[in-house]
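This briefing covers a sheet, the helices packed on it, and the empty spaces found by a grid search. Please keep the sequence and the model open while reading.

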Amino acid sequence: MRKLTINVKPPYDVIVGSGLLGGAGKLISRVMRGTKALIVSDSNTAPLYGKMIASSLKSEGLDVYMHIFEAGEKNKTVKTVWDMLEAAASYGLTRSDAIIALGGGVTGDMAGFAAAVYLRGIDYIQIPTTVIAQSDSSVGGKTGCDLTYGKNLAGAFKQPRLVIIDPDTLSTLPHRYKSDGMAEIIKHGLIASPELFDIIERGSLDMDDVLYRNVDIKRSFVEADEFDTSERMKLNFGHTMGHAIEKYYNFTGPSHGEAVAMGMVIAAKAGESAGLTKKGTAERICSVLKQYKLPTATEAPADKLIDIAALDKKRMGDIINFILISDIGHAFIHKLRAAELSDFLQGAF
């Protein structure tokens, strides 16, 4: 078991280690201020781990309730968050109680959003069970849901009280979603750690170590820029076009990680065409993505994707903060006017 502390206000711990799930109740009870815990999980994850977590919490004397929603990005909506709020109210959760997010990134984002607005803010705890959530989305306090016009357009910054990462849960993931999560791990290497990228290229990963490294990278960005106005934006490498791809297919096509993988290639190719990214970088990214069964190109029409990307939530007025890398491990923010986006991306398709 290894621990990292995220030094925001208030600080919280991220605990990483195989076999942690069975003792989650003891870890959670140490940070609980009240007596009631509402476990929020989706229809895929709850049957696998819901009873285990509930039993562990009850053994610590907590009153435990469960709210299950239908799995899938298509259900990452205001309506689903509303149902979570209604559940919290029906069980009588107070300001000292907590919501526990058990599942992947969709679950964590929405449960955190519900915790941020219920009674104007109660505690929540993250128990991520997918690669993408364990390596990235469970840490940093970004919560939210999708709107008709795009991904994660509603939300709030709400840091968890605790994050418990047990890599053993990855054994129950379908192969596609193991690959899916690798996109965020690869991204972290590309923006901040040549060493991590080398480890990924070599293969035969020790997931306990890789996840710890990823959380440490995420920690450094969150501590430097908690509210995502400067340095933390670099974590969105591949996401501007990745989100556009997801939106184009109305969240029923490529998974998030698959879309980000394609988005990273687009960004690298655009950067190379503009002379901002080292030549050969896109080719190296493509090679690693293929190694982990991730796509490297989209069939979606470029003009449609560019139109969607122009509405990216990182846009500030007429300026789009497009994330590029100069070389492996070195990211930077490239500011573009919305009208310049199409020309900038022409060399990437």
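The notes below go from the sheet to its helices, then to two selected residues, and end with a cavity and a pocket.

The model is predicted. Its sheet is open and has seven strands in mixed pairing. The search of the whole structure gives one cavity of 30 Å³ or more, and the second largest pocket has a volume of about 160 Å³.

**Sheet layout**

- The strand order across the open sheet is S1-S2-S9-S6-S5-S3-S4.
- Strand S1 (2–6) and strand S4 (63–69) are the edge strands, each paired on one side only.
- From one strand to the next, the twist averages 20°.
- Pairing in a sheet runs through backbone hydrogen bonds, and the strands may be parallel or antiparallel.

**Strand pairs in the sheet**

- S1 pairs with strand S2 (residues 12–16) in the antiparallel sense, over five bridges.
- The two strands S1 and S2 make a hairpin, with five residues between them.
- Within this pair, threonine 5 is placed opposite aspartate 13 in S2.
- S2 also runs parallel to S9, and four bridges join the two.
- Here valine 14 is opposite valine 163 in S9.
- Strand S9 (residues 162–165) is in turn parallel to strand S6 (residues 123–128), with two bridges between them.
- Isoleucine 125 has leucine 162 of S9 opposite to it.
- In S9, Leu162 and Ile164 point one way while Val163 and Ile165 point the other way, and all are buried.

**A further hairpin**

- Strand S7 (residues 142–147) and strand S8 (residues 150–157) run antiparallel and are joined by five bridges.
- Two residues lie between S7 and S8 in this hairpin.
- Lysine 142 has phenylalanine 157 in S8 as its bridge partner.

**Helices on the sheet**

- Helix H2 (residues 46–58) lies across four strands: strand S3 (36–42), S4, strand S5 (98–103) and S6.
- The direction of H2 is at about 170° to S3.
- Helix H3 (residues 78–90) also packs on the sheet, where it touches S3 and S4.
- The angle between the directions of H3 and S4 is about 160°.

**Histidine 67**

- Histidine 67 is part of strand S4.
- Is histidine 67 buried or exposed? Its relative accessible area is 16%, which is under the 20% cut-off, so histidine 67 counts as buried.
- Beyond its neighbours within four places in sequence, histidine 67 is in contact with Leu38, Ile39, Val40, Ser41, Asp83, Met84 and Ala87.

**Alanine 133**

- Alanine 133 belongs to helix H5 (residues 131–137).
- With a relative accessible area of 2%, alanine 133 is buried, because the cut-off is under 20%.
- Its contacts, apart from neighbours within four places in sequence, are Gly103, Gly104, Gly105, Pro128 and Ser138.
- Isoleucine 320 is 187 residues away from alanine 133 along the chain, and their C-alpha atoms are separated by 26 Å.

**Largest cavity**

- Empty space left between atoms shows up when a probe the size of a water molecule is rolled over them.
- The largest cavity holds about 40 Å³ of space.
- Its lining consists of Asn236, Phe237, Gly238, His239, Thr240, Met241, Gly263, Ala267, Phe322 and Ile323.
- Helix H9 (239–248), helix H10 (256–273) and strand S10 (319–327) are the elements that give two or more residues to this lining.
- Which element gives the most to the lining of the largest cavity? H9 does, with three residues.
- By class, this lining has five nonpolar and five polar residues, and no charged residues.

**Second largest pocket**

- The second largest pocket, of about 160 Å³, is lined by Lys9, Pro10, Tyr12, Asp123, Phe157, Lys158, Gln159, Pro160, Arg161, Glu226 and Phe227.
- How many residues of each class line the second largest pocket? The lining has five nonpolar, one polar and five charged residues.
- Phe157, one of the lining residues, is also the bridge partner of lysine 142 in the S7 and S8 pair.

Methods
Residues are numbered from 1 along each chain as its sequence is written. This is a predicted model: local features need pLDDT of at least 70, side-chain atom pairs count only at pLDDT 80 or more; totals for chains, interfaces and linings use all residues. Side-chain values use heavy atoms; hydrogens and water are left out. On a 1 Å grid over the protein atoms alone, a cavity is a set of points where a 1.4 Å probe fits but cannot get out, and a pocket is an open set with protein on both sides within 12 Å along at least five of seven lines; lining residues have an atom within 4 Å of a point. Grid points are joined across faces, edges and corners, and a volume is the space filled by probe spheres set on the points. Ala, Val, Leu, Ile, Met, Phe, Trp, Tyr, Cys and Pro count as nonpolar, Asp, Glu, Lys and Arg as charged, and the others, Gly among them, as polar. Two strands pair if DSSP finds at least two bridges between them. Axes are lines fitted to C-alpha atoms, for helices over the stretch in contact, and angles run from 0 to 180 degrees between N-to-C directions. Contact means heavy atoms within 4.5 Å. Buried means under 20% relative accessible area, exposed over 50%, partly exposed in between (1.4 Å probe, protein chains only).
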